[in-house]
Amino acid sequence: MLPAVRPLRFAFFALMSLSVTAGAQEAAPPAPVVVPPRLLEFIEATYPPAAEEAGLEGRVLLALTIEADGAVTDVQVVRTAGHGFDEAAVEAVRRFRFQPATRDGEPAAVRIQYEYVFERRAPTPVEPEEPEDPRPAAGRLEGRLLGREDGQPIREAEVVVTSADGARRRATVRQDGRFVFDDLPPGTYDVAIYADDYDELSASETVASGEATDVTYRLSLYEVDVPDRSGAFGAAAVVDPPPREVVRRTIRREELTQIAGTRGDALRAVELLPGVGRPPFGAGQLIVRGAAPNDSQTFFEGIPVPLLYHFGGLTSVVNSRLLEQIDFVPGNFSARYGRKTGGILEVSFRDPMAMYDDRRFHGVAELSAIDASLLAEFPLGDNAAMALGVRRSTIDLVFQYILPDDLFSLTAAPVYYDYQAFVVWKPHPRHKLRILSYGASDRFGLFAGDSLSDNDANIRGNIDLTTRFHFVDLAWDAQLDARTELDVDFQVGTSLLQFALGDLVRFDARFNQTFGRAELRHRANDRVRLIAGLDMFITPLRLDFFGPLAGQGEGSGPQNRSTAELRDQSSDFSITGVAYRPAAYVESDLRPWPWLQVLMGLRLDYAKEIRQWAFDPRLATIFTVSEGYRIKAAAGMFSQPPEFNQSAATIGNPNLAMIRSSHFGLGADAEFLPGVRVGLDGFYKQLWDRVVSAEGGRAPFFDNAGIGRIYGLEVSGRVEPRPGRNFTGFLSYTLMRSERQDRPGEPWRLFDFDQTHIFTLAGNYKLPRNWSVGATLRFVSGNPTTPIVGSIADPANGTYLPYAGVINSVRNPLFNRFDLRIEKMWIFSSWRLAFFLDIQNLWNASNPEGLVFNYNYSQSVPLNGLPIIPAIGVRGEL
């Protein structure tokens, strides 16, 4: 055994004063800007002989005084390690040399805390060169980066070694935090480490001939502490990226693919979170806190996407193994997001594994009864990597055997595919470029012979639905200096929506979308963080339509016009135009006291198609009662432009106003144990200027006469993944009411997707021998529906027209489902093989979605939801 003595990343603790101006108080002078010292020369301490012989290791916490010239003038032991470690550490640290700290740009004396770590390591022999080669054998430098606070590997980092002659080599840290430099000539090397959210670390390491030097660096988040006049340390303040929403629920990579009933689909797991309603089968929509599906938005790395799920909501449009995490914000979201009044779903992609993990090829192949997918990741040079993913449905091979022969025949089976291809390049430790191309397509068709409806023989032909989008995104993330970051994102692409209902309706919408975003983030000091951004949405569009003009969809009840009447009222037209929607936003994260955080935001939006501006202020406060216990409150304004068909001059009203909403929230959360959290959140949302059908259905067809209100309570519990923890799980319950009033004076009614009770319990347990089992239980109130109380004969067309009761005055039965997932993995030397069984609706609950009536509406039978669906699959990973 050879003793190894090296530094644990020193932590700087500084408290920067922040004066808060209130009312007519006189403004205080600005707080000084303190830049911490940087270690330039590290001196390795002598390992105490007695400790070395006894096999002991130690950690000595020291307090250092560093003068304005960078010299160490005083060293005090704060936490002793004994066994001679204290004396050895003090003797070495006195000879350290620093780049001095600065206060407002001027060198200044400071005190810091520094932890010196004594560890023992074993030399690892390296294959020597051929005996006849007179040159000394090469050595190897390897190591690992860990977070000081949590001991977890640091992944987003780069290590640079420089030899005495100035030659440089770079290594990107793997997913487990390790790095390695092979074939290094013997000698001393300067090591520089660049990691996101951490200060740069410099050290000096010696590589011996024929040996491997193995080091571990423990990095701390940026912390600064400026002593008061007495020389004592003040309170430490860690400047992390601010939580820009009061309620933000995150699903991380470790949990994304393990939830029962989702078939390993991360975005399907969002449906289990508090505040998320259950869409009916086939809808594939995101319903958040009683808002309409179009009122919420999904973002991929800050860029909105038009579609979240493939046909029927069975699977999402992106391979879950490419995701880093999912952030779900059900309300009171950041000023970074706009043009929506419901909730926000932010999806973050990870870098390709080949950037970090030995820079080698990685691959995953998966086949199930629902779809098949391939994923490949590989390096491109020294500091770039690429990932490619593709997926295609296989359900179309068996779908034709599921449909009843006496109802429908298939003209186009439900076929979907999606793809993702992206390259990540880090030309510099503080700069990252990403090029991402992704897309998805769905096609589905049915043929019902001479009639699509038993109630009306005039509806004939096919039902066809096609959706498709393709996008290319270019992003640049830059760390401009220790306090400033800049993100720039630009995306172009096309999306298509086509629908046909026999010979009654044809709809074709094409959008050529351009989206851009630039965001600047600056940390003024440890109590103030400022954010400013611009985003722009431009869409040239074309709408081709044949059929009766569509009115208000939500809350309209059953159709009581005959097909012949609808055909007589049909229109055939094309609309072209350009939607231009720029926006600007600013945010501040203020922490005037350690127990209080104040988040303020302003957003300005413009919609060219209706020539309307919207100004939305937002405010959130977080009170830290004690470590792990918080109280949260928030209020804000939110705006949303009308849908394009509602504001188009030919079929809508170009003089519509923005749809407006105000959000109010109050809640608390607590972390009883590491990774074990519970939360309670109450919310109220007021809606006004809702777009509804004009009275009588006459031009201009739509107006802003509608209002709404939504209120409720959410309870959440969660057990997060931790090293050594075999169980992870979610618990969520939402009690909610969502109501609408379509015109002044009309009675309030329930929203189409009002779901009073939403309960979800999900868990996953890792068993021995690489087995895992998971289960999900869900109960949801049935959606409101409008009863059919009778019918009226239509002799001219030989059919009956339904006579509807009060809008949304009854409910469908309670939805209940139990899902089970079992997975077994075999681990080989260079690859892994997994077999899984994911069963949806294990007890085959019928879960009626509505009623199907006979020809005169005198009898009905339930229209049941999905039956039991066992998805068996196999997955291989390299």
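**Strand pairing, burial and aromatic contacts**

Strand E31 (residues 484–501) and strand E32 (residues 505–525) run antiparallel and are joined by 18 bridges. The model in which this pairing is found is a predicted one. Within the pairing, Thr484 has His522 of E32 as its bridge partner. Three residues lie between the strands in the hairpin of E31 and E32, and Gly502 there adopts a positive phi near 55°. E32 is also joined to strand E33 (residues 528–548), again in an antiparallel arrangement, by 17 bridges. Here the bridge partner of Thr514 is Ile538 in E33. The connection from E32 to E33 is a hairpin of two residues. In general, strands of a sheet pair through backbone hydrogen bonds, in either a parallel or an antiparallel manner.

A further set of strands forms an open sheet with antiparallel pairing, in which four strands follow the order E13-E12-E15-E16. Strand E13 (168–172) and strand E16 (201–207) are the edge strands, each pairing on one side only. From one strand to the next, the twist averages 25°. Five bridges connect strand E12 (residues 157–162) with E13 in the antiparallel sense. Across this pairing, Val159 stands opposite Ala171 in E13.

Helix H2 (residues 85–93) is mostly covered, with seven of its nine residues buried. These buried residues are Phe85, Asp86, Ala88, Ala89, Val90, Ala92 and Val93. Phe85 also belongs to an aromatic cluster, in which it is joined by Tyr47, Phe96, Phe98, Tyr114, Tyr116 and Phe118.

Across the whole structure, a search finds 30 aromatic pairs. In one of them, the ring centres of Tyr438 and Phe471 are 5.8 Å apart and the planes lie at 40°, so the pair is classed as tilted. Because Tyr438 is in strand E29 (residues 431–447) and Phe471 is in strand E30 (residues 462–481), this pair ties together parts that are 33 residues apart in sequence. Tyr438 and Phe471 are both buried. A tilted aromatic pair is also formed by Tyr606 and Trp613, with 4.6 Å from centre to centre and 45° between the planes. The two members of this pair differ in exposure: Tyr606 has a relative accessible area of 19% and is therefore buried, whereas Trp613, at 55% relative accessibility, counts as exposed. The assignments follow from the cut-offs, because buried means under 20% relative accessible area and exposed means over 50%.

At the surface, a nonpolar patch of about 990 Å² is made by Trp593, Trp595, Phe623, Val625, Tyr629, Ile631, Leu666, Phe672, Leu673 and Val678. At least two residues of the patch are supplied by each of strand E36 (612–626), strand E37 (629–640) and strand E38 (659–673). E38 gives the largest share, with three residues. Leu666, a member of the patch, lies in strand E38. The relative accessible area of Leu666 is 57%, so this residue is exposed.

Terms used
Residues numbered from 1 in each chain as written. Predicted model: local features only at pLDDT ≥ 70, side-chain atom pairs only at ≥ 80, totals over all residues. Heavy atoms only, no water. Pairing = 2+ DSSP bridges. Buried < 20%, exposed > 50% of the residue type's maximum accessible area, 1.4 Å probe, protein only. Axes fitted to C-alpha atoms, helices over the stretch in contact; angles between N-to-C directions. Patch = residues over 30% accessible without salt bridge, like charges linked within 9 Å, V, L, I, M, F, W, Y side chains within 5 Å. Areas by Shrake-Rupley, 256 points an atom, 1.4 Å probe, with all protein chains shown as cover. Salt bridge = Lys/Arg side-chain N within 4 Å of Asp/Glu carboxyl O. Phe/Tyr/Trp six-rings, centres within 6.5 Å; stacked < 30°, edge-to-face > 60°.
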